[in-house]
Structures are given as structure tokens and as C-alpha cells.
Amino acid sequence: MSATGQLSGSFGNVPLISENLVIEVSDGVTPPLERSFPLTMIAVNDPPEASTPIENIIANPAANATTLDITASFSDPDLIDTLMYSLSANSNPAIFSHLMVGATDGRLSMEFAPYQSGSSEVTLRATDLEGLFAEQTFTVTLPDLPIPTFAQNGEVTLNRQTGLFEQKITVTNSAARAIGGFTLTTTLPNDVFKLYNVDGNTLTHGIPLEAGASVEFTLEYFSGTSRTAPDPEIALALI
């Protein structure tokens, strides 16, 4: 208390203070006079804060599962408060097979869906005991899968028993994770040749192909007018 009678002070970061305050007044001559009164201080709850930014995540080529401790990314001015963590938003759930955060330990875990690629804006929330919260948003990216490669096994030859020209090729998944399948489209000069028993010169292989695995095809070409081996252009695309 100052000489002018102004009382001031500071209190620790605690939710409740209940004390008996004693004030003594003296003129330096007569015995001091004391007065006491109860003092109760109730702290005002402060909301949590987003402290350290959560960095964007880019999955590795194999799309391995990822875990992250997010507790250091949030704080609360009320030292005795407890934070609970939750997933607030996920803009592209299709790239995940599993995405969750531990309510009490703040452990974020994610597993990626097979055959997918893309990005998602993920928002995490930290909530205090009175329901106030802070959020952080970051980007998770599942990189594009590369197009499979192919190799021609020998020349295009005429099968004299069937009258069809045959081309043997091997398609290989060069990605570090599985693909869900692919299409193979041939472009033939002047539309003289057609892929035999294939509609529109596009072959669809809808069977998943594991990382590094290969599949072999014998493409058969038919022409009603030409007996010269075709020289097709081949293009692959993911499905």
C-alpha cells in the first residue's frame, strides 16, 4: 500500500485466491490501528493459443504411415488448464485410410489410402476445460503416382495361324507404392489396323499392381487390307 492509501499487488496464475487481508495504519505516534477483511480473487479463463506452427507434410514416395506430436504447437496462458485435441476439418478425406489425433496425448497419426494422390487441408483444434479453443491448419500432400513404364519384347510379328500381328510388351510399376491399374492406348497409322477384341484401341488393366511388379501382354492387331507389320505408338495412363 502506498502512502496515499492506494492498494496494489499481483497474484500468481491460479484460478482462485481467498485470503484474509490485514491493513495496518499508523501515524508514528499512537499505536497502529488494524483492520482485516476477506479478499477473494477469481481468475478469468484465457483461451488456448496456437504457438509453434504445424509444418506442412509431404508423404514419402512409398506413402508410409506418419505420426506427429502436436502438443508443442498449442499453449494455454492458464498454467493449470488442460488441453484436449481433436480433428476439426479435413478437406480431402479420400487420400487417407486413417487420420486421427489422440484427445489427451496430442499424437496425430495418419495412413494413406492406396492408389490415391492429392492434397488436403487439415485443421487441428486444442480445447481447454471451459470450451475455448485454438486451431491450426496445415497441408498434407500425397505425391502423384508416376505413370507405369513399358518395354517391347521383340518385334511385331505375324502369327500365321491366326492371321494377327502380335506385339509382346511388359508393363512395370516403377512407383514406390501400388497403383490401382492402368489403361494402354495404341495409336495406329491411318486406322488401317485395330487392336483385336479391344474396343476403341484402349486396353484397361483394372487389377492393382504392386510397387516394382510387372505384367506381360500380347497385343494382337488386325487389318483387312495390310500385310505389313504395324508400328503402333503406345501410351499408358493411371486409373
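This is a short walk through one chain, its two open sheets and three of its residues.

Okay, before anything else: what we're looking at is a predicted model. The chain runs to 239 residues, and 33% of them are buried. How many helices and strands does the chain have? There are 0 helices and 19 strands, so bear with me on the strand numbers.

A couple of whole-chain figures. Take the contacts with a separation of 6 or more: 64% of those come from residues 24 or more positions apart. As for the surface, about 14300 Å² is exposed, with carbon and sulfur atoms supplying 53% of that.

Right, sheets. Strands of a sheet pair through backbone hydrogen bonds, and that can be parallel or antiparallel. We've got an example with mixed pairing here: an open sheet of 4 strands, running β4-β11-β10-β7. Which strands sit at its edges? Those are β4, residues 57-58, and β7, residues 84-90, and each of them pairs on one side only. If you zoom in on β4, you'll find it pairing with β11, residues 133-142, in the parallel sense over 2 bridges. To get your bearings there, look for I57, which stands opposite V140 in β11.

The other open sheet I want to show has 3 strands in the order β5-β9-β8, and this time the pairing is antiparallel. At the edges stand β5, 66-69, and β8, 96-101; each has a single partner strand, so one side of each has no neighbour in the sheet. From one strand to the next, the twist averages 10 degrees. β8 and β9, residues 107-112, are joined in the antiparallel sense over 5 bridges. Your landmark here is V101, opposite L108 in β9.

Stay on that sheet for a second, since D69 lies in β5. Is D69 buried or exposed? Well, in between: D69 has 40% relative accessibility, so it counts as partly exposed. Skipping neighbours within four places in sequence, D69 is in contact with D105, G106 and R107. Then there's G102: it is 33 residues from D69 in sequence, while the C-alpha to C-alpha distance is 9.5 Å. And the D69 side chain also makes a polar contact of 2.8 Å with the side chain of T71.

Now jump along to β14, residues 164-172, where we find Q167. Why does Q167 count as buried? Its relative accessible area is 1%, and the cut-off for buried is under 20%, so Q167 falls well inside that class. So what does the side chain of this glutamine pair with? Y221: the two side chains are joined by a polar contact of 2.5 Å. Beyond four places in sequence, the residues touching Q167 include Q152, V156, F217, T218 and L219, and also P232 and I234.

Same strand, another residue: T170 is in β14 too. T170 comes out at 15% relative accessibility, and because that is under 20%, it counts as buried as well. The T170 side chain has a polar contact of 2.9 Å with the side chain of N153. Leaving out residues up to four places away, T170 touches T149, F150, A151 and N153, along with S214, V215 and E216.

That's my tour. If you take away one picture from β14, make it the two side-chain contacts: Q167 with Y221, and T170 with N153. Happy to go back to any of the views.

Notes: Residues numbered from 1 in each chain as written. Predicted model: local features only at pLDDT ≥ 70, side-chain atom pairs only at ≥ 80, totals over all residues. Heavy atoms only, no water. Pairing = 2+ DSSP bridges. Buried < 20%, exposed > 50% of the residue type's maximum accessible area, 1.4 Å probe, protein only. Polar contact = N/O pair within 3.5 Å; in protein donor to acceptor, adjacent residues only side chain to side chain. Contact = heavy atoms within 4.5 Å. Areas by Shrake-Rupley, 256 points an atom, 1.4 Å probe, with all protein chains shown as cover. Axes fitted to C-alpha atoms, helices over the stretch in contact; angles between N-to-C directions.
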